[in-house]
Amino acid sequence: MSGVVPVLMRDAEVIDIKEAMFRIGRSDKTIRRWCKEDGIGRRTGPCAPWQISAIALEAKRYGDKAAIDDLRQGAFSSPRVVRYAEQLGLN
């Protein structure tokens with residue numbers, strides 16, 4: 001994963017590649033790249049499917065690196081994170 005620590009995510013916000021593609025209209029290649037480069041997703045093994053944080057994906061969509069950093073620290077109550085969680089109906 002290029003040394004990038006993945007964001008922390010709660011079960012309710014985990015989506016797969018197909019759902020991520022549907023939500024933001026980007027290719028699977030782009031989503032996978034973001035997972036690797038920005039840590040918005042995780043895999044349990046090299047062949048395992050990607051588990052993506054819907055909140056981190058939304059923050060990435062809007063270029064909000066600070067929100068992604070907050071998620072990486074587990075700051076789920078950060079105003080930046082709460083904003084995306086509420087937008088997605090996850091709060």
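A residue is called buried here when its relative accessible area is under 20%, and exposed when that value is over 50%. Keep those two cut-offs in mind as we walk through this model, which is a predicted one.

Let's start with helix H5, residues 79–87. Val-81, Val-82, Tyr-84 and Ala-85 are its buried residues. Looking down the axis of H5, you will find these residues within an arc of 165°, so they line one face of the helix. The face turned away from that buried side holds Pro-79, Arg-83 and Glu-86, which are exposed. On the buried side, the packing partners are H3 and H4. Past the end of H5 comes Gly-89, with a positive phi near 75°.

One of those partners deserves a closer look. Helix H4 covers residues 65–72, and its axis comes within 8 Å of the axis of H5, with a crossing angle of roughly 95°. The two helices are therefore roughly perpendicular to each other. On the H4 side, the contact is made by Ala-66, Ala-67, Asp-70 and Leu-71, while H5 contributes Arg-80, Val-81 and Tyr-84. Sorted by class, this contact has five nonpolar residues, two charged ones and no polar ones. Val-81 and Tyr-84 thus appear both among the buried residues of H5 and in the contact with H4.

The other partner is helix H3, which spans residues 54–61. H3 is mostly covered, with six of its eight residues buried. Those six are Ala-54, Ile-55, Ala-56, Leu-57, Glu-58 and Ala-59. What lies over them includes strand S1 (14–15) along with H1, H2, S3, H4 and H5. After H3 you will meet Gly-63, whose phi is positive, near 70°.

Within H3, Ala-54 makes a handy viewpoint. Its relative accessible area is 2%, so Ala-54 counts as buried. If you set aside the neighbours within four places in sequence, Ala-54 is in contact with Glu-13, Ile-15, Arg-23 and Leu-88. For a sense of distance, try Ser-27: this residue is 27 places from Ala-54 along the chain, and their C-alpha atoms are separated by 16 Å.

Now move to helix H2, residues 28–38, where Thr-30, Ile-31, Trp-34 and Cys-35 are buried. These residues cover an arc of only 140° around the axis, which puts them on the same side of H2. They pack against helix H1 (17–24), strand S2 (41–42), strand S3 (51–53) and helix H3. Just after H2, Gly-39 takes a positive phi of about 70°.

Cys-35 brings us to a last topic, the cysteines. How many disulfides does a search of the whole structure find? The count is zero. The cut-off to recall is that two cysteine sulfur atoms must lie within 2.5 Å to count as a disulfide. The closest cysteine sulfur to that of Cys-35 belongs to Cys-47 and is 16 Å away, so the pair is too far apart for a bond. Seen from the other end, Cys-47 is in no disulfide, and its nearest cysteine sulfur is that of Cys-35. Are these two residues buried or exposed? Cys-35 has 0% relative accessibility, so it counts as buried. Cys-47 has 76% relative accessibility and therefore counts as exposed.

Note on methods
Residues numbered from 1 in each chain as written. Predicted model: local features only at pLDDT ≥ 70, side-chain atom pairs only at ≥ 80, totals over all residues. Heavy atoms only, no water. Buried < 20%, exposed > 50% of the residue type's maximum accessible area, 1.4 Å probe, protein only. Helix = DSSP H or I, 4+ residues; strand = E, 2+ residues; numbered from the N terminus. Arc of directions from axis to C-beta. Contact = heavy atoms within 4.5 Å. Axes fitted to C-alpha atoms, helices over the stretch in contact; angles between N-to-C directions. Parallel < 35°, antiparallel > 145°, perpendicular 65-115°, else oblique. Nonpolar A, V, L, I, M, F, W, Y, C, P; charged D, E, K, R; others polar.
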